[in-house]
Amino acid sequence: MTVVIAGGGLSGLSLAAHLALETRWNEQVVVVEDGSHPVEAIAWSSWADRSNLLDTAVSSRFDRVRVHVGGRSRTLSLGRFRYQVVRGADFSRVVRHIAEPLGRFEFRHGHVDGITTSDGGARVVVDGEPVEARWVFDSVVGPLDPPPVDARLVFRGRRVRVERPVFDPEAPTLFDFRTSQVCCPAFLYVLPVSPTEALVEHTAFIAPDAPLPGVDAQHAALAAYLDDVLHAGRCEVVHEEGSVLRLTAGTAPRRRGSVLTIGTPAGMVKASTGYSYQRVQRDSAAVVRSLVEHGHPFDLPAVSARHRVFDAALLDVVTRDPRQLERAFAALFRGPSAEPALRFLDERSSIGLESRLFAGMPVGTYLKAVGRRLRT
Ligand SMILES: Cc1cc2nc3c(=O)[nH]c(=O)nc-3n(C[C@H](O)[C@H](O)[C@H](O)COP(=O)(O)OP(=O)(O)OC[C@H]3O[C@@H](n4cnc5c(N)ncnc54)[C@H](O)[C@@H]3O)c2cc1C
């Protein structure tokens, strides 16, 4: 019987590739994608300390990063991690290259109107037509009762070519706090292409009920960074991107009958960072493992309740007091290597590592935030 993947974005294509590469599983798969948010328009950065099934889609890799926090610019090693970029177009090409020759994968253009569970399966309505499926993997409709939004990550980026060689092509800037923190906690992110070309992004955390920063304000912050901080000279804008990510530290219910949510509706976007690429890869691998070992896709690792509480506390603290974001990042990334902080953000840290990382953070402020979280 058929398996339907609703949405052919990051999570849908990742799952398709993982299913295609699993030789012990050979059912028909239909990936339904309406083209409303094409992956070709996006690129995903992430850090990884192990190889991945889809590594052939990686277009650049870095072994160090820069940060500017607490008034200091530093270059940090990544230890066992590498920071990498996957362009959506490459990703899509690699996935199709893996799946299409098998003859049991169909990439269908269509709009998913709705998904309902039925006896022993589920029904997906695609452009008004029902498609019956044994399992449905849903990255577009999501659960009926999603967890509340804890904050929003608002980013606006410009790929620029500038007059002076101000970018370090060997090291992305993960965060640079030389931007106003008055309206909201914010930093600049720089993904270099060459000494004179980079994606420069203004990123802000906004409380769920607070007004969003205007596009003009974020463009002004980008211009001020290029002019007054980097002294980049004349600047040509090659490409623009921007989005508002809804951040939630709550746990999304994932199973509805034969339907499993994947991707963003399944809580794959890390609430304190907005990254999801590596989490989606790990989740795809776990779903396929469950299908093969148990005959269903629901035997998935539990989420780390402790790390969810940390995410919720961070978002609570920084949206109440914008200065705390820089303080938190300064503490987490204070060593010569970013590896401990990245391990923590990957939710693979021990309590011992966490207590070392949290030293220097205002413990009382965070404990109050945890208390508020536990009362809700
Ligand atoms: C601009 C931007 C940049 C980001 N950069 C990064 C990054 O660098 N690193 C990182 O880790 N994360 C990043 N993220 C966050 C996150 O990783 C991405 O949003 C990721 O694409 C989420 O994967 P997904 O499968 O949930 O959603 P998507 O990749 O958006 O996939 C959903 C797909 O479903 C399609 N679709 C929607 N509705 C329907 C429907 N009704 N019927 C059929 N198809 C439908 C859409 O066209 C889309 O292709 C970024 C997000 C954005 C918006």
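These questions and answers go through a predicted model, from its ligand shell to its cores and to single residues.

Reader: Which residues come nearest to the ligand?

Author: The ligand has 27 residues around it. Those residues divide into 11 nonpolar, 14 polar and 2 charged. The ones that come nearest are Ser11, Glu33, His37, Thr264 and Ser276.

Reader: Which element supplies the largest share of the shell around the ligand?

Author: Four elements each supply at least two residues of the shell: helix H1 (10-20), strand S2 (29-33), strand S3 (43-48) and strand S17 (235-247). The largest share is 3 residues, and these come from S3.

Reader: How far is an oxygen atom of the ligand from an N or O atom in the side chain of Ser276?

Author: Polar side-chain atoms lie close enough to ligand oxygen atoms to be listed for several residues, including Ser36 at 3.3 Å and Trp44 at 3.2 Å. A pair of N or O atoms counts as a polar contact within 3.5 Å. For the side chain of Ser276, the distance to an oxygen atom of the ligand is 2.6 Å.

Reader: How much of the ligand's area does the protein bury?

Author: The starting point is the ligand taken alone, which exposes 980 Å². Of that area, the part buried by the protein is 85%.

Reader: Which helix gives the most residues to the largest nonpolar core?

Author: The largest nonpolar core has 46 residues. Tyr83, Leu174, Phe175, Phe187, Phe205, Phe329 and Phe333 touch the most other members. The helix that gives the most to this core, with 6 residues, is H5 (residues 305-320).

Reader: How many residues are in the second, separate core?

Author: This core includes Val39, Trp44, Ile262 and Leu291. Trp44 also has a polar side-chain atom 3.2 Å from an oxygen atom of the ligand. The number of residues in the second core is 37.

Reader: Which residues does Leu174 touch, not counting those up to four places away in sequence?

Author: Leu174 is one of the residues that touch the most other members of the largest core. Tyr83, Phe187 and Phe333 are also among those residues. Leaving out residues up to four places away in sequence, Leu174 touches Val65, Arg66, Val67, Tyr83, Phe187, Leu188, Tyr189, Tyr275 and Phe333.

Reader: Why does Val69 count as buried?

Author: Val69 is in strand S5 (residues 64-69). Beyond its neighbours within four places in sequence, Val69 is in contact with Arg74, Phe175, Phe177, Glu326, Phe329 and Ala330. Buried means under 20% relative accessible area. Val69 counts as buried because its relative accessibility is 6%.

Reader: How far apart in space are Val69 and Phe175, C-alpha to C-alpha?

Author: Along the sequence, Val69 and Phe175 are 106 residues apart. The two residues are also in contact. Their C-alpha atoms are separated in space by 7.6 Å.

Reader: What distance separates the C-alpha atoms of Val317 and Ala17?

Author: Val317 is found in helix H5 and is buried, with a relative accessible area of 2%. Val317 touches Gln324, Thr365, Tyr366 and Ala369, not counting residues up to four places away in sequence. Ala17 is 300 residues from Val317 along the chain. The C-alpha atoms of the two are separated by 39 Å.

Reader: Is His18 buried or exposed?

Author: His18 sits in helix H1. Apart from neighbours within four places in sequence, its contacts are Leu53, Leu54, Gln281, Ser284, Ala285 and Val288. With a relative accessible area of 7%, His18 is buried.

Reader: What is the relative accessibility of Lys270?

Author: Lys270 lies in the loop between strand S19 (259-261) and helix H4 (277-294). Not counting residues up to four places away in sequence, Lys270 touches Leu247, Tyr275, Arg279, His307, Asp311, Leu345 and Glu347. Lys270 counts as buried, and its relative accessibility is 3%.

Reader: What is the phi of Asp127, which is not a glycine?

Author: Asp127 is placed in the loop between strand S10 (121-126) and strand S11 (129-133). Asp127 counts as partly exposed, at 48% relative accessibility. Its phi is positive, at about 50°.

Reader: Where does His231 lie?

Author: His231 has a positive phi of about 50° although it is not a glycine. His231 is partly exposed, with a relative accessible area of 48%. Its place is the loop between helix H3 (215-229) and S17.

Technical notes: Residues are numbered from 1 along each chain as its sequence is written. This is a predicted model: local features need pLDDT of at least 70, side-chain atom pairs count only at pLDDT 80 or more; totals for chains, interfaces and linings use all residues. Side-chain values use heavy atoms; hydrogens and water are left out. A nonpolar core is a set of buried Ala, Val, Leu, Ile, Met, Phe, Trp, Tyr and Cys residues joined through side-chain atoms within 4.5 Å. Buried means under 20% relative accessible area, exposed over 50%, partly exposed in between (1.4 Å probe, protein chains only). Contact means heavy atoms within 4.5 Å. A residue is near a molecule or strand if one of its heavy atoms lies within 4 Å of it. A polar contact is a pair of N or O atoms within 3.5 Å; within protein, one must be able to donate a hydrogen and the other to accept it, and residues adjacent in sequence count only if both atoms are side-chain atoms. Accessible areas come from the Shrake-Rupley method with a 1.4 Å probe; for residues, only the protein chains shown count as cover. Ala, Val, Leu, Ile, Met, Phe, Trp, Tyr, Cys and Pro count as nonpolar, Asp, Glu, Lys and Arg as charged, and the others, Gly among them, as polar.
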